[in-house]
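Student: I would like a close look at one part of this model, namely how its helices pack and how its strands are paired and covered. Could you take me through that in one connected account?

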Amino acid sequence: MSQQQQENGVPHRGKVLTLDTMNPNVKLVEYAVRGPIFLRAVEIEKELREGVKKPFTEVLKANIGDAQAMGQKPLTFFRQVLALCSYPKLMEDSGFPVDVKQRAQRILSACGGHSIGAYSSSQGIECIRQDVARYIERRDGGTPSSPDNIFLSTGASDAIVTMLKLLMSGEGHDRTGVMIPIPQYPLYSAALADLGGVQINYYLNEDNCWALDIAELRRAISAARQNCSPRVLCIINPGNPTGQVQTRQCIEDVIRFAKEEHLFLLADEVYQGNVYSEGSEFHSFKKVLFEMGPEYSSTVELASFHSTSKCYMGECGFRGGYMEVINLDPMVKAQLLKLVSVRLCPPVPGQALLDLVVNPPQPDEPSHATFMKEKTEVLAALAEKARLTEQTFNTVPGITCNPVQGAMYTFPRITIPQKAIDKAKELGQIPDMYYCMRLLNEEGICLVPGSGFGQREGTFHFRMTILPPTEKLKIVLQRIREFHLRFTQEFS
């Protein structure tokens with residue numbers, strides 16, 4: 001009997017769920033940020049705890065944009081309000097400022113049963129969506145924003161995947177094609193693999209500080225039309241993993257391109273508060289779209305995303321975020337609401353945190369001075385670390401690094417000797433994966449190989465976050481320098 005065994009005389013079939021019977025799309029999903037290098041780093045940490053001798057005493061993780069795991073302290077105001085929301089009895093404590101108590105009371109009054117443990121509406125708590133809309137209006141110089149177009153989400157990632165799910169349709173050559181930047185944040189490629197979409201790569205220009213080039217968009221969409229129906233253009237600004245900040249002119253050109261090619265725009269803007277380079281400035285796609293006039297603002301479909309995980313907040317674990325949809329077909333919006341309703345609601349503590357991000361203490365409130373001091377210190381430290389990282393890497397022969405204009409990462413190009421490339425192939429590994437695994441095993445530094453984000457054929461990179469404390473970051477940079485010189489010498 002095929003796939004059948006005898007167990008104590010009782011016929012026993014094999015497992016229902018096997019690699020052969022599982023969803024084949026899931027097997028295509030890859031997420032390099034927590035891939036083989038990260039898993040090996042976890043193993044090494046365990047070995048160190050068990051007393052195994054290594055050339056280092058700790059693993060320095062620079063693989064993921066998790067600010068507080070890297071030592072960044074949470075802002076006092078955020079945690080005070082969330083503490084009162086979690087345990088309202090603390091309202092009686094005279095140690096909490098009056099504006100903290102007022103904010104907590106306002107949030108709790110909008111929750112079912114006055115508790116953040118209750119479900120909220122699926123789109124998110126209404127007064128928080130109103131605050132988000134007002135934040136967007138302030139950010140965009142008065143451009144109107146409606147709470148009805150705001151959907152709160154479990155981080156930005158959840159909203160991005162939800163929109164991609166809505167946009168997937170067709171079969172064969174008519175399947176939805178989604179244009180994504182290369183290098184990209186691997187959420188996009190992973191989601192498309194899972195959803196059965198077609199990934200259309202457009203390459204950022206490394207020689208021009210990872211700028212987006214409209215001619216490259218035209219090349220990519222033209223080539224893609226042979227095997228799919230391009231319907232979506234994804235933009236990450238500021239860039240992850242590349243750290244570039246797009247100019248206003250570039251954003252205008254992208255919007256014109258989207259209108260010409262009849263594409264739905266997805267603007268991933270979670271690093272909008274992380275801009276460091278002089279002369280660089282964040283411009284939201286929504287603001288530019290509306291400033292271009294009704295020809296564009298009344299027709300181009302746009303979903304833009306923000307999160308509590310990045311910028312100065314670094315509150316990754318709360319999973320707070322939102323998306324704003326523009327020019328979405330009303331019947332599709334009803335379907336979107338149905339889709340998010342299936343998951344009941346985003347985490348209410350994350351919604352509460354988002355409210356504090358979009359509606360921080362005002363100058364006449366007691367928490368304002370401390371809030372501004374803490375926020376300014378975080379952003380100033382990130383700007384300094386961005387400069388330090390770029391300058392240090394560019395002193396190492398065989399490493400070149402573009403300016404880190406924004407976000408939280410650097411994506412330097414590394415020269416890997418041909419003998420090392422041959423050795424990697426012999427081991428069945430991609431060369432930059434081999435490089436990063438060697439770096440981890442020899443120096444205890446966890447990075448992500450550039451191949452996990454995509455890169456031009458024949459080039460090699462790694463992504464490193466700039467989040468570690470400055471003194472620890474200097475150690476990381478020094479160890480990478482020493483390793484690179486040693487690695488190059490070994491294979492020269």
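Tutor: Angles between helix axes under 35 degrees count as roughly parallel, those over 145 as roughly antiparallel, those from 65 to 115 as roughly perpendicular, and the rest as oblique. Please keep in mind throughout that this is a predicted model.

With that cut-off in hand, we can begin with helix α4, residues 98-109, and helix α13, residues 348-358, which pack at an angle of about 130 degrees with their axes 11 Å apart. The two helices α4 and α13 are therefore oblique to each other, and α4 passes α13 in a right-handed crossing. On the α4 side the residues that meet the partner are Arg103, Arg106 and Ile107, while α13 contributes Ala352, Asp355 and Leu356. Sorted by class, this contact of α4 with α13 has three nonpolar and three charged residues, and no polar ones.

A second helix pair can be described in the same terms. Helix α6, residues 155-167, and helix α12, residues 330-341, have axes that come within 11 Å and cross at roughly 125 degrees, which makes α6 oblique to α12. Here, too, the crossing, in which α6 passes α12, is right-handed. Thr162, Met163, Lys165 and Leu166 of α6 make the contact with Val332, Leu336, Leu339 and Val340 of α12. By class, the contact of α6 with α12 has six nonpolar residues, one polar and one charged.

Helix α7, residues 187-195, is best considered by its burial: seven of its nine residues are buried, so α7 is largely enclosed by the rest of the structure. The buried residues of α7 are Leu187, Tyr188, Ser189, Ala190, Ala191, Leu192 and Ala193. Just after α7, Gly196 takes a positive phi of about 80 degrees.

Turning to the strands, we can follow the pairings from β7 through to β10. Strand β7, residues 229-236, runs parallel to β8 and is joined to β8 by five bridges, with Leu233 having Leu265 in β8 as its bridge partner. Strand β8, residues 264-268, is in turn joined by four bridges to β9, again in the parallel sense, and Asp268 stands opposite Phe305 in β9. Strand β9 then pairs with strand β10, residues 320-326, over six bridges, but in the antiparallel sense; within this pairing, Ser307 stands opposite Gly321 in β10.

The two strands β8 and β9 are also worth examining for how they are covered. In β8, five of its five residues are buried, with Phe264, Leu266 and Asp268 on one side and Leu265 and Ala267 on the other, so that both faces are covered. In β9, residues 302-307, six of six residues are buried, and both faces are again covered, Leu302, Ser304 and His306 lying on one side and Ala303, Phe305 and Ser307 on the other. Leu265, the partner of Leu233 in the pairing with β7, is thus among the buried residues of β8.

Finally, there is an open sheet of three strands, ordered β12-β16-β15, with antiparallel pairing. Its edge strands are β12 (409-410) and β15 (448-449), each of which pairs on one side only. Between β12 and strand β16, residues 462-465, there are two bridges in the antiparallel sense, and Thr410 has Met464 in β16 as its bridge partner.

How values were computed. Residues numbered from 1 in each chain as written. Predicted model: local features only at pLDDT ≥ 70, side-chain atom pairs only at ≥ 80, totals over all residues. Heavy atoms only, no water. Axes fitted to C-alpha atoms, helices over the stretch in contact; angles between N-to-C directions. Left-handed = near helix turned anticlockwise from the far one by under 90°. Contact = heavy atoms within 4.5 Å. Nonpolar A, V, L, I, M, F, W, Y, C, P; charged D, E, K, R; others polar. Buried < 20%, exposed > 50% of the residue type's maximum accessible area, 1.4 Å probe, protein only. Pairing = 2+ DSSP bridges.
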